[in-house]
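Here is a short report on one protein chain. Look at the picture first, then read on.

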Amino acid sequence: MDDPSVPDDKAVASPTATLAEIRAGSYYDSVVLMLLQRALAGLPGVLDAGVVMGTPANKALLAQSGLLTDVLQAAAAEDLILVVKAESESYCRSALARVDDLLAARRSNQTGAYRPKSLTSATRMMPEAEWVLTSVPGRYAAGVAREALNLGKNVFLYSDNVGVEDEISLKDTAASKGLLVMGPDCGTARVNGFGLGFANRVRKGRIGIVAASGTGLQTVMVGIHRLGCGVSQAYGTGGRDLSADVRARSARRALALLKEDAETDVIVIVSKPPEASVAQELLSEAASCNKPVVIDFIGYVSTEDQAGAPSNIRFARTLDETAEIAVRQTAASDSQGSFKWDSPATQATVPHSQLMPSPPQQTFLRGLYSGGTLAYEALFLLQDSLTSVRSNGPLPGGLVLDNPHRSEGHTIIDLGGDAFTVGRLHPMLDNELRIRRLLQEAQDPETGLIVLDVVLGDGAHEDPASELAPAIEEAGAAAAKDGRTLPVVAVVIGTDGDPQGLDRQVKQLEGAGACVFTRHDYAMRAVACAFAGGGEGRHHIPSELKLSVPKSMGDVSNSSAFAAINVGLESFTDSLRDQGAEVVHVDWRPPAGGDERLASLLTRLR
């Protein structure tokens, strides 16, 4: 905008003091858009703001917020939409006039390193990079991943909305080249001591992990670290990998890598219940390993009971128990025999009664999760104590919540599900949607207790408790106005090495009145006891265990080298650099300006 006081032909003002602008072909990743939207919303006189790419899903979200103007209907998926609702038209114009300055300020805070425009150019700049991280919009992601494989790179595919046919094709191509595709919709991995995507900082060790689950993988890694041991490699597969269609293509490849890895003594496999035939195939693969294998298919019942399982396989009931069994197996195989059990000081000084939420005065549990696997484990662990729990991701045969935006009875919600993330950032990055839902639940007189997970680590929100703690206090105050108390249980998944500061997060949440746990299974036991009225159950929550480990195990710092190419979210580049990795960020834009027919033609002409 040359003159912000005069709207051009793409800007429309309305009597309601809403001004909208379309910037054709101006692509930005979702984190940049979120930060820009927050900055605009915080300007003087601004009541609400929308900063999104012009996809149909994003337009629908703007319509829900009353921000979709007629002119914005013409925006293409590759166009940037800017819309501001303010107290007056002059405030709208003033806010939109700040957009370029806000974007420039962000660029000036970043490294001045040259950014290549293509994956091929990035490969020439850093030929030693073995991994390509891809987090571009789903309709382009398969093409970027296929190009990376053709360049001989392994792929960490964070993008979702990739078709199952593309997933199978990519994974078959990778297998033929001796490479690995993690994803699509893979949120977490740890390779050679470096976290990809959302990943906690844990020490290096002798336990390798294969997981068709992001927060499940994080919870196991955190548990291993808390118990004093470490992780060799942690491979995500994407949530669809163990389906009947994909048939564990990535999981089997990752299992083979860990089987041959001299740095791995114990292997862990984590997933929501797989397709039954796929589970049996994967169990057969695990049985052929010459290493102990710990398996948590949350709620899955094997055709063989524990006693009849192959001698190298152990089954776990919870994610935290999975970590415990793996650590015990590592300790048993340690030639020095120097491991012993004790209780950590941080838990030994806290009476169990203080870790328990008060028995709810009202009727129902409301679980508001950012981690889909943690939400699923909550359903599994509470199924015997709470009846008729509804969810947008229920157990097999469980009750589906008719409207995921409105709780009914006992409700456990995965706020990272498609109904909530289309056109939005994942709740591990953006707390806004969960805070709104928390305050909504607080207004419901039937809400008796709220559960939140707070997942730390590289790639996640830089200080989630700073936003969640005031919301917890506000929720408690809203309930108190109606003469109610509203206990909140917060489960913090993180380590002492995570950039958010585990202790600092816990203290902020406790200061807001939350009952804080660092083990999800213990939190669920406390919730079950609370709804049972407390009583003797409150004294049956065991202390968390920790191993005394030789100093040679080291800390979470990296001494190894890691090189990668990132295509998509700039926050993933920042995360890798913070960990000491070498990374090239590709200045990616939709091919052919987003014209899919032209892009397809150009691809055929190559």
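Start with one pair of residues: A563 has E582 in β25 as its bridge partner. Five bridges join strand β24 (residues 563-567) to β25, and the two run parallel. Two strands pair if DSSP finds at least two bridges between them. Helices (H or I, at least four residues) and strands (E, at least two) are DSSP runs, numbered from the N terminus.

This is a predicted model: local features need pLDDT of at least 70, side-chain atom pairs count only at pLDDT 80 or more, and totals for chains, interfaces and linings use all residues. Residues are numbered from 1 along each chain as its sequence is written, and side-chain values use heavy atoms, with hydrogens and water left out.

**The sheets**

Strands of a sheet pair through backbone hydrogen bonds, either parallel or antiparallel. Two open sheets are listed here.

| Strand order | Pairing | Edge strands |
|---|---|---|
| β7-β6-β5-β24-β25 (five strands) | parallel | β7 (181-182), β25 (582-586) |
| β18-β17-β19-β16-β20-β21-β22 (seven strands) | parallel | β18 (399-400), β22 (515-517) |

In the five-strand sheet, β7 and β25 each have a single partner strand, so one side of each is left without a neighbour in the sheet. Helix α6 (residues 138-150) packs on this sheet. Helix α6 touches β5 (131-134), β6 (154-157), β7 and β24. Its direction makes about 160° with that of β6.

In the seven-strand sheet, β18 and β22 each pair on one side only. Six bridges join β20 (residues 447-455) to β21 (residues 488-493), and these strands run parallel. Here D453 stands opposite V491 in β21.

**A helix pair**

How do the axes of α16 and α17 cross, and at what angle? The axes of helix α16 (residues 432-443) and helix α17 (residues 464-481) come within 8 Å and cross at roughly 15°. That makes α16 roughly parallel to α17, a term for angles under 35 degrees. Axes are lines fitted to C-alpha atoms, for helices over the stretch in contact, and angles run from 0 to 180 degrees between N-to-C directions.

Which residues meet? In α16 they include R434, I435 and L438; in α17 they include E467, L468 and A471. Contact means heavy atoms within 4.5 Å. The residues of this contact divide into nine nonpolar, one polar and three charged.

**The whole chain**

The protein chain has 21 helices and 25 strands. Buried residues (under 20% relative accessible area, 1.4 Å probe, protein chains only) make up 55% of the 606 residues.

How values were computed. Angles under 35 degrees count as roughly parallel, over 145 as roughly antiparallel, 65 to 115 as roughly perpendicular and the rest as oblique. Ala, Val, Leu, Ile, Met, Phe, Trp, Tyr, Cys and Pro count as nonpolar, Asp, Glu, Lys and Arg as charged, and the others, Gly among them, as polar. Buried means under 20% relative accessible area, exposed over 50%, partly exposed in between (1.4 Å probe, protein chains only).
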